[in-house]
Amino acid sequence: MNFHATILTLYPEMFPGPLGCSLAGRALKKKMWSLETQQIRNFALGPHRSVDDTPSGGGVGMVMKADILARAIDASPAEYPRFLMSPRGWSFDQSLARTIAGFSGATFVCGHFEGIDERIVEARNLIEISVGDYILSGGEIAALVILDAVVRLLPGVMGNAESGYNESFETGLLECPHYTRPHVFEGRSIPRVLISGNHDAVITWRRQQAESMTKVRRPDLWAAYKKRKY
């Protein structure tokens, strides 16, 4: 079964957006995955279709209402896990991308304003996911990021499936530097080992470069890598 993504959003016009281009876009056209958007406002009552209200206890901003979100969520496929885009959520990484790609589908809830009523998180077992330690204006961009990472892992989406296992984070390390022709660019040459024809030496060089780059740029990843390796 192909992966099916349902997006609950106040801005369905943001989709497919970049997901309609490149790898994800080609896979979408080939029906290797499918995308459905639901306008949350359609589940609101009253002439103004209001989806938010003032926060209980006072404070700035507005809070999305639990009853409206419940109706929207209940209209989405019940068999799929439900993810809430949230800055306080679990950190999204390559491992989580692979986990989601293993499902037959997923629902992504995109919040806005100050946040959403906590009771809907509990009542509908929403899994909160964060794409980084910063604040976005809404969950849509986070959902786009997550889906882009997930879709490229689906079977058949990447032309060479093996290439995905040599990228940053797949091995616990950042990716090594890459080069291609011309052999000399503005006085800078391709490292000799890469044109030596010695496959074993190339593998060793790439691993050493990945380890060196990770140690300098991401000491947190380096510490975790060393712990697993040794």
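**Exercise 1. Find the bridge partner of Ile-7 in E2, then place E2 in its sheet.**

Step 1. Ile-7 has Thr-37 as its bridge partner in E2. Strands, like helices, are DSSP runs numbered from the N terminus (strands E, at least two residues; helices H or I, at least four).

Step 2. E1 (residues 3–9) pairs with E2 in the parallel sense, over 7 bridges. Pairing requires at least two DSSP bridges between two strands.

Step 3. The open sheet has 5 strands in the order E2-E1-E6-E5-E8, with parallel pairing. Its edge strands are E2 (33–39) and E8 (127–130), each paired on one side only.

The model is predicted: local features need pLDDT of at least 70, side-chain atom pairs count only at pLDDT 80 or more, and totals for chains, interfaces and linings use all residues. Residues are numbered from 1 along each chain as its sequence is written, and side-chain values use heavy atoms, without hydrogens and water.

**Exercise 2. State how many disulfides the structure holds, and check Cys-21 and Cys-110.**

Step 1. The structure holds 0 disulfides (cysteine sulfur pairs within 2.5 Å).

Step 2. For Cys-21, the nearest cysteine sulfur is that of Cys-110, 18 Å away.

Step 3. Cys-21 is partly exposed, at 47% relative accessible area. Cys-110 is buried, at 0%. The cut-offs: buried is under 20%, exposed over 50%, partly exposed in between (1.4 Å probe, protein chains only).

**Exercise 3. List the residues through which H6 meets H7.**

Step 1. From H6 come Glu-211, Thr-214, Lys-215, Val-216 and Arg-217. From H7 come Pro-219, Leu-221, Trp-222, Tyr-225 and Lys-229. Contact means heavy atoms within 4.5 Å.
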